[in-house]
Amino acid sequence: MASTEIAIRHVVTFREPTFCDRIEVPLVRPLPKNTLDPRYVTCWDHRTAGDCREAELAEDIHELRWERDHMLRVMR
C-alpha cells in the first residue's frame, strides 16, 4: 500500500538585487504562521528573521489580506 503522506519542502527564498539567481535556504520546520505558535513565546534571541518576528509578520500579512478581501467584497 502506498503512503498518502506528501513530503513538503520548507525553504526561505532570497533574491539578490544584483543577480538573477535565487538563494534557497532549507528549513527544518515551517515558519510560524501567527503569534499563537509556541515558538513565538519561547523566542528569546529576537534576531532578524527570528521566530517571533516571522510570526508577527505572518500575522500582519494575514490580517491585511483579510481586510483587503473584505473591502473588495463590500464594494462588489
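## Salt bridges and surface of a predicted two-helix, two-strand chain

At 47% relative accessibility, Arg29 counts as partly exposed. In this predicted model, the side chain of Arg29 meets that of Asp51 in a salt bridge, with an N to O distance of 3.9 Å. The pair links distant parts of the chain, the two residues being 22 residues apart. Arg29 belongs to the loop between strand S2 (22–26) and helix H1 (38–42), whereas Asp51 belongs to helix H2 (residues 51–75). The pair counts as a salt bridge because its 3.9 Å distance satisfies the cut-off of within 4 Å between a side-chain nitrogen of Lys or Arg and a carboxyl oxygen of Asp or Glu.

**Overall organisation**

The protein chain contains two helices and two strands, and the order of these elements from the N terminus is β-β-α-α. Of its 76 residues, 11% count as buried. The chain exposes about 7,200 Å², of which carbon and sulfur atoms supply 58%. Among the contacts between residues at least 6 apart in sequence, 10% join residues at least 24 apart.

**Salt bridges**

How many salt bridges does the rule give? The count comes to three, and they are listed below with their N to O distances.

| Salt bridge | N to O distance |
|---|---|
| Arg29 and Asp51 | 3.9 Å |
| Arg39 and Asp37 | 3.1 Å |
| Arg68 and Asp69 | 3.1 Å |

Are the partners in the bridge of Arg39 and Asp37 buried or exposed? Arg39 is buried, with a relative accessible area of 13%, and Asp37 is buried as well, at 16%. Both residues receive this label because their values, 13% for Arg39 and 16% for Asp37, fall under the 20% cut-off for burial.

The bridge between Arg68 and Asp69 has partners of another class. Arg68 is partly exposed at 44% relative accessibility, and Asp69 is partly exposed with a relative accessible area of 30%.

**A nonpolar surface patch**

Which residues form a nonpolar patch on the surface? The patch consists of Phe14, Ile23 and Val25, which together have about 250 Å² of accessible area. Ile23 is located in strand S2. With a relative accessible area of 39%, Ile23 is partly exposed. Ile23 can therefore meet the accessibility requirement for a patch, since its 39% exceeds the cut-off of over 30% relative accessible area.

Technical notes. Residues are numbered from 1 along each chain as its sequence is written. This is a predicted model: local features need pLDDT of at least 70, side-chain atom pairs count only at pLDDT 80 or more; totals for chains, interfaces and linings use all residues. Side-chain values use heavy atoms; hydrogens and water are left out. Helices (H or I, at least four residues) and strands (E, at least two) are DSSP runs, numbered from the N terminus. Buried means under 20% relative accessible area, exposed over 50%, partly exposed in between (1.4 Å probe, protein chains only). Contact means heavy atoms within 4.5 Å. Accessible areas come from the Shrake-Rupley method with a 1.4 Å probe; for residues, only the protein chains shown count as cover. Patches are made of residues with over 30% relative accessible area and no salt bridge: like charges are joined within 9 Å, nonpolar side chains (Val, Leu, Ile, Met, Phe, Trp, Tyr) within 5 Å.
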